[in-house]
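This report was prepared for a reader at the bench. Please view the sequence and the structure together before reading on.

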Amino acid sequence: MRFSDFIKANLSYLKATLPSRRPVLHDGGMLCDLHAHPYIHSRKTLIDTFDVMVRNNVSLLTLGTHGRGNAREYDFWEVKELMQKEGIKFEDKGIAFTVKHHGKTLTLIGGYEPPIHFKGIVGKIDILTLMPDPDFQLHLKKDMMFKDYLKLSRRHNGIVIGAHCYTIGDPEGRNGIIKFRLANSEDKKILKKSLFPFVDGLDTVSSNVLWMLRSNELIKEDYGKPLANSDAHSPSHHTRLEIGRSGNIMKLKPWKTGKDLRGQLRHIIKTKQFEPILNYTPPLQFFRAIAIEKEFGYHTR
């Protein structure tokens with residue numbers, strides 16, 4: 001990225017976050033944040049997540065983990081076990097569940113986001129698999145190539161999303177505190193050929209801050225209509241408030257099972273029948289999340 005583009009992108013980002021905004025619902029749509037990391041590991045963090053969903057008008061949320069998750073980042077199945085243990089009533093729909101909270105019906109689904117290798121690209125691309133069949137996570141391996149990961153996701157019927165794919169994990173950490181870099185022209189060429197045709201969708205995210213705002217812009221230029229999600233990293237209440245900062249307004253028909261819901265979501269995503277609402281994480285919130293994750297040893301992305 002040229003220095004002039006770097007400055008321009010930073011100024012655009014600061015302008016986009018002042019004032020802070022939230023998506024507004026209309027025409028009977030529901031807000032779906034399909035890429036978020038609420039870091040649930042206790043009753044307190046679980047209830048706080050529900051509170052934030054109600055506060056921010058989020059009707060459907062992905063309980064996303066980095067890879068398989070960890071002791072402070074429960075995956076979808078561990079969250080259901082936690083709810084049973086705590087005696088919290090919910091409607092079990094298999095690969096989804098619903099819960100009544102403060103008079104609102106909330107829907108939760110699972111998602112796994114491991115860093116994946118592509119031949120010819122230095123670094124890793126995060127690929128998000130939504131609502132896979134049970135045991136998907138048990139087959140995840142470190143440093144998987146995309147071809148193998150895609151086969152695993154399809155075998156478990158998951159919805160596959162290229163997560164902020166022009167934001168590439170930088171193993172050298174050349175950007176300092178933010179260990180990511182912007183995809184270059186060769187990276188984009190590879191991804192347009194090796195990723196775009198094989199996934200159900202791509203997403204842009206609130207947490208592409210500072211110069212990484214350019215990553216979202218480039219995805220829109222090359223892909224057309226990506227999803228918009230928060231990618232909220234939420235190890236504290238303050239950072240959990242970022243859930244729903246961005247999202248997708250969708251109209252869902254009544255569904256009975258998680259598999260029914262998965263079928264609807266896949267169709268909506270593939271046919272781009274959603275309204276993406278992209279707002280950016282304010283600087284203070286982003287760096288607060290980074291600091292907390294470092295202090296407590298959370299995995300970032």
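The text below treats the overall fold, the nonpolar cores, one strand residue and the cysteines.

**Overall fold**

The model is predicted. The protein has 301 residues, of which 58% are buried. Its secondary structure consists of 9 helices and 14 strands. Among contacts in the protein with a separation of 6 or more, 73% join residues 24 or more positions apart. The exposed surface of the protein amounts to about 13500 Å², and carbon and sulfur atoms account for 55% of that area.

**Nonpolar cores**

In soluble globular proteins, nonpolar side chains tend to be buried together. Here, the largest nonpolar core holds 32 residues, and F118, I127 and L195 have the most contacts inside it. Two or more residues of this core come from each of strand 7 (125–130), helix 4 (146–155), helix 5 (185–194) and helix 6 (213–223). Helix 4 gives the largest share of the core, 4 residues. What does F118 touch, not counting residues up to four places away in sequence? Its partners are I125, I127, M145, F146, L191, S194 and L195. A second core, separate from the one above, has 25 residues, including L82, I88, F90 and I277.

**T167 and its surroundings**

T167 lies in strand 9, which covers residues 167–169. Leaving aside residues up to four places away in sequence, T167 is in contact with F180, R181, N208, M212 and S215. With S215 there is also a polar contact between the side chains, at 2.9 Å. T167 and L182 are 15 residues apart along the chain, and their C-alpha atoms are separated by 5.2 Å.

**Buried residues and the cysteines**

Which relative accessible areas do C32, C165 and T167 have? The table lists them.

| Residue | Relative accessible area | Class |
|---|---|---|
| C32 | 0% | buried |
| C165 | 0% | buried |
| T167 | 2% | buried |

T167 counts as buried because its relative accessible area is 2%, and the cut-off for this class is under 20%. C32 is likewise buried because its value is 0%, and C165 is buried because its value is 0%.

A disulfide is a covalent bond between the sulfur atoms of two cysteines. How many disulfides does a search of the whole structure find? The search finds 0 disulfides. A disulfide would call for a pair of cysteine sulfur atoms within 2.5 Å, so the result of 0 means that the search found no such pair in the predicted model.

Note on methods
Residues numbered from 1 in each chain as written. Predicted model: local features only at pLDDT ≥ 70, side-chain atom pairs only at ≥ 80, totals over all residues. Heavy atoms only, no water. Buried < 20%, exposed > 50% of the residue type's maximum accessible area, 1.4 Å probe, protein only. Contact = heavy atoms within 4.5 Å. Polar contact = N/O pair within 3.5 Å; in protein donor to acceptor, adjacent residues only side chain to side chain. Areas by Shrake-Rupley, 256 points an atom, 1.4 Å probe, with all protein chains shown as cover. Core = buried A, V, L, I, M, F, W, Y, C linked by side-chain atoms within 4.5 Å.
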